[in-house]
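Biologist: Before we use any of the labels attached to this model, could you take me through the reasoning behind them, setting each value against its cut-off?

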Amino acid sequence: MGISICDVSKAFSSFPAVKNVELEIPTGDFVALLGPSGSGKTTLLRMIAGLESLDSGKILFNGLDYTNKTVKERKVGFVFQHYALFRHMTIFENVAFGLKVRPRRNRPSKREIKEKVHELLRLVQLEHLVDRYPSQLSGGQRQRIALARALAVEPEVLLLDEPFGALDAKVRQELRHWLREIHQKLNITTVFVTHDQEEALEMADTIVVMNKGMVEQIGSPEEVYHHPANAFVYSFLGRVNEITGKALSETTLRVTDLEKGTVGYIRPHEIVLKKTSEGLGMLVEVVHIHSVGSTVRMQLKRRDTDDLYEAELTIETYKELGAVSKGDLLHAEFNNIVVFENEPGTSHSLQEQTKFTAAFN
Amino acid sequence: MVSREVTLHFDTSAVKVASRFDSIRKWLLIGVALLFLGLFILVPLLAVFSEALKKGVQLYFAALIEPNAWAAIKLTLVTAAVAVPINTIFGVIAAWAIAKFNFEGKNFMLTLIDIPFAVSPVIAGLVFVLLFGSQGMLGPFLAEHNIKIIFAVPGIVLATIFVTFPFVVRELIPIMQDQGTDEEQAAITLGANGWQTFFRVTLPNIKWGLLYGVILCNARAMGEFGAVSVVSGHIRGLTNTIPLHVEILYNEYNFTAAFAVASLLALLALATLVIKSMVEWKTQKH
Ligand SMILES: Nc1ncnc2c1ncn2[C@@H]1O[C@H](COP(=O)(O)OP(=O)(O)OP(=O)(O)O)[C@@H](O)[C@H]1O
Ligand SMILES: [Mg+2]
């Protein structure tokens with residue numbers, strides 16, 4: 001089922017939670033709504049499900065106007081952030097619920113329901129838990145049961161609100177793969193909410209980056225990561241260093257007519273560190289070093305302006321660089337500073353992204 | 001090394017002294033509480049039964065099936081049979097509205113619900129007299145249509161409903177608030193309609209709290225004196241409930257009969273307590 005969201009807005013009392021959102025979701029797509037807390041992701045998802053009304057705009061399912069259809073009529077599967085399993089029912093009854101509440105004439109027989117439930121439990125690999133109660137399950141298991149329950153009614157759209165939000169890192173990782181697999185198997189149009197950029201980049205076919213109720217960019221993971229539409233998207237999709245004012249105009253000599261207040265950005269892994277100057281680096285002092293798995297992060301302080309930057313090296317480049325300890329002086333090259341010509345705030349208009357190669361004196 | 005052992009030894013003995021002191025204090029407190037409970041609750045309860053049975057079992061039962069007493073028992077049962085279901089249904093609705101929706105005037109509604117607890121039952125009764133009595137606001141209208149409320153059964157039922165309204169609502173609001181609306185929303189996305197959602201999801205989740213509220217409501221409905229006394233008119237065999245009948249018998253120095261009838265209320269109280277603790281035990285298990 002394809003979904004079109006046309007100029008949809010929603011305010012709570014006077015607070016605008018979702019503003020003029022335009023979004024086209026083709027059938028079978030796997031979409032991530034990505035944005036910081038309070039950016040309106042849940043609200044948008046709930047509007048698609050019909051759990052929240054619209055102030056203005058339209059929502060179409062397969063080209064038909066579904067704006068005023070009830071939740072029931074939309075036939076969407078919804079997985080809630082905290083699972084919302086029925087606590088007084090066993091896992092079997094939870095999964096069977098959607099089938100049992102059907103009107104008699106299209107309710108499957110007891111045997112069919114039983115078969116269907118077991119089939120779904122096999123799909124989520126939890127058939128052995130059929131007689132347990134939700135309180136006797138782990139978080140990851142509850143999540144999977146919530147999904148099985150939503151799939152039982154054979155929805156054509158699957159909506160998930162922060163499906164892995166409450167789980168630990170390892171379980172998250174497993175469930176991500178698993179959800180992708182299920183999507184591949186069933187090919188249901190799927191929209192999930194997350195505030196974790198890594199999760200969105202790893203799982204989605206399409207990422208919708210949201211901020212303050214508005215859509216900042218829609219695109220494939222590659223597009224949003226490598227060609228961010230604006231500063232917000234750039235900074236939200238990974239760690240960044242901001243370079244402002246004097247520091248910026250000094251580092252980017254080629255830029256002559258920079259407006260006041262322009263911000264340059266560079267990702268930590270794009271900062272190149274050298275022990276000896278090759279005429280291009282600026283002098284920085286190492287303030288802090290710590291290694292996270294296969295990467296090494298360094299806190300750097302620029303000698304002349306005291307600006308702080310973060311650099312990220314792979315273990316290999318770190319070894320090439322040779323022993324570095326706190327207090328050492330290094331030469332840093334900022335090779336890929338990105339500048340967005342319109343600054344955040346007005347950032348939803350299309351902006352040109354300009355790349356500079358820094359030239360240092 | 002040596003000094004360390006000494007301090008260790010010293011420490012444990014200090015702990016022992018402290019714990020012995022603690023246990024003395026504990027038993028002292030328990031003793032005082034038991035003494036108090038015994039004196040003010042158990043002794044009167046026993047007194048009711050011993051007084052009721054003093055002149056033999058035969059007289060005891062005779063007092064209960066005496067026509068006026070029997071009428072009072074029936075009226076009490078009828079009153080509870082009307083008031084409790086009404087308060088249960090409206091209590092669930094009000095609790096649902098307050099716990100699961102946001103609307104203007106919610107706090108005002110909460111305050112309204114508490115009024116029966118805050119106001120003296122006598123005042124509650126008087127309000128009904130002022131409204132429906134022959135001198136009251138609606139008096140002439142009722143007289144014209146030959147409807148009798150005050151000094152009749154409808155008045156007693158109304159007063160009882162008023163006094164016992166908060167029990168179910170108050171019991172349910174915190175439970176429902178605690179559970180939020182997630183499960184209901186999930187039910188709706190799975191295709192359930194309103195009734196299915198209520199009977200399959202909401203009700204099972206609140207059933208123990210609801211039962212608890214209902215038995216408390218019932219105990220009060222059967223035992224209410226003040227409000228009912230004002231609106232009843234004390235017509236023997238017609239508008240006396242059990243508590244009112246007990247008072248009349250008592251005022252006539254008919255102690256055995258008074259205590260015999262009163263023992264019914266005491267039994268009701270005991271039954272209520274037993275059910276209540278069973279419900280508590282059940283809810284703790286869940
Ligand atoms: N029922 C509501 N009443 C009032 N304001 C609301 C309501 N629901 C959401 N909001 C507001 O709307 C904004 C968007 O909320 P929403 O839940 O959609 O954010 P979100 O992107 O899902 O955030 P999070 O990642 O924290 O879940 C927030 O500022 C929130 O305070
Ligand atoms: Mg949210």
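Biologist: What makes the pair B:R236 and B:E252 a salt bridge?

Modeller: In this predicted model, the closest N and O atoms of B:R236 and B:E252 are 1.9 Å apart, and since the criterion asks for a side-chain nitrogen of Lys or Arg within 4 Å of a carboxyl oxygen of Asp or Glu, the pair is counted as a salt bridge. B:R236 sits in the loop between α11 (226-232) and α12 (242-251) of chain B, and B:E252 in the loop between α12 and α13 (255-285) of chain B, so the contact ties together parts that are 16 residues apart in sequence.

Biologist: Why is B:R236 called partly exposed, and why is B:E252 given that label too?

Modeller: The label covers values between the limit for buried, under 20%, and the limit for exposed, over 50%; B:R236 has 36% relative accessibility and therefore counts as partly exposed, and B:E252, at 42%, therefore counts as partly exposed as well.

Biologist: Turning to chain A, how do you know that A:E199 and A:R172 form a salt bridge, and which parts of the chain does the pair tie together?

Modeller: Their side chains meet with an N to O distance of 3.1 Å, which the 4 Å limit admits. A:E199 belongs to helix α7 (residues 197-203) of chain A and A:R172 to helix α6 (residues 169-186) of chain A, so the pair joins parts 27 residues apart in sequence. Both A:E199 and A:R172 are buried, and salt bridges with shared partners join them with A:R176, A:D196 and A:E202 into one network.

Biologist: What makes A:R180 and A:D205 a linked pair, and is each of them buried or partly exposed?

Modeller: A:R180 and A:D205 form a salt bridge in which the closest N and O atoms are 3.3 Å apart, and the pair links helix α6 of chain A, where A:R180 lies, to the loop between α7 and β9 (206-211) of chain A, where A:D205 lies, over 25 residues. A:R180 has 17% relative accessibility and therefore counts as buried, the limit being under 20%, whereas A:D205, with a relative accessible area of 33%, is partly exposed. Over all chains, a search of the whole structure finds 23 salt bridges.

Biologist: Why are α3(B) and α7(B) called oblique to each other?

Modeller: The axes of helix α3 (residues 67-100) of chain B and helix α7 (residues 153-164) of chain B come within 9 Å and cross at roughly 45 degrees. Angles under 35 degrees count as roughly parallel and those from 65 to 115 as roughly perpendicular, so α3(B) and α7(B) are oblique to each other, and their crossing is right-handed.

Biologist: What is notable about the phi of A:E154 and of B:F151?

Modeller: Most residues other than glycine have a negative phi. A:E154, however, has a positive phi of about 50 degrees, and for B:F151 phi is near 60 degrees. A:E154 is in the loop between α5 (139-152) and β7 (157-161) of chain A, and its relative accessible area of 54% makes it exposed, the limit being over 50%. B:F151 lies in the loop between α6 (139-144) and α7 of chain B and, at 41% relative accessibility, counts as partly exposed.

Conventions
Residues numbered from 1 in each chain as written. Chains lettered and ligands numbered in written order. Predicted model: local features only at pLDDT ≥ 70, side-chain atom pairs only at ≥ 80, totals over all residues. Heavy atoms only, no water. Axes fitted to C-alpha atoms, helices over the stretch in contact; angles between N-to-C directions. Helix = DSSP H or I, 4+ residues; strand = E, 2+ residues; numbered from the N terminus. Parallel < 35°, antiparallel > 145°, perpendicular 65-115°, else oblique. Left-handed = near helix turned anticlockwise from the far one by under 90°. Buried < 20%, exposed > 50% of the residue type's maximum accessible area, 1.4 Å probe, protein only.
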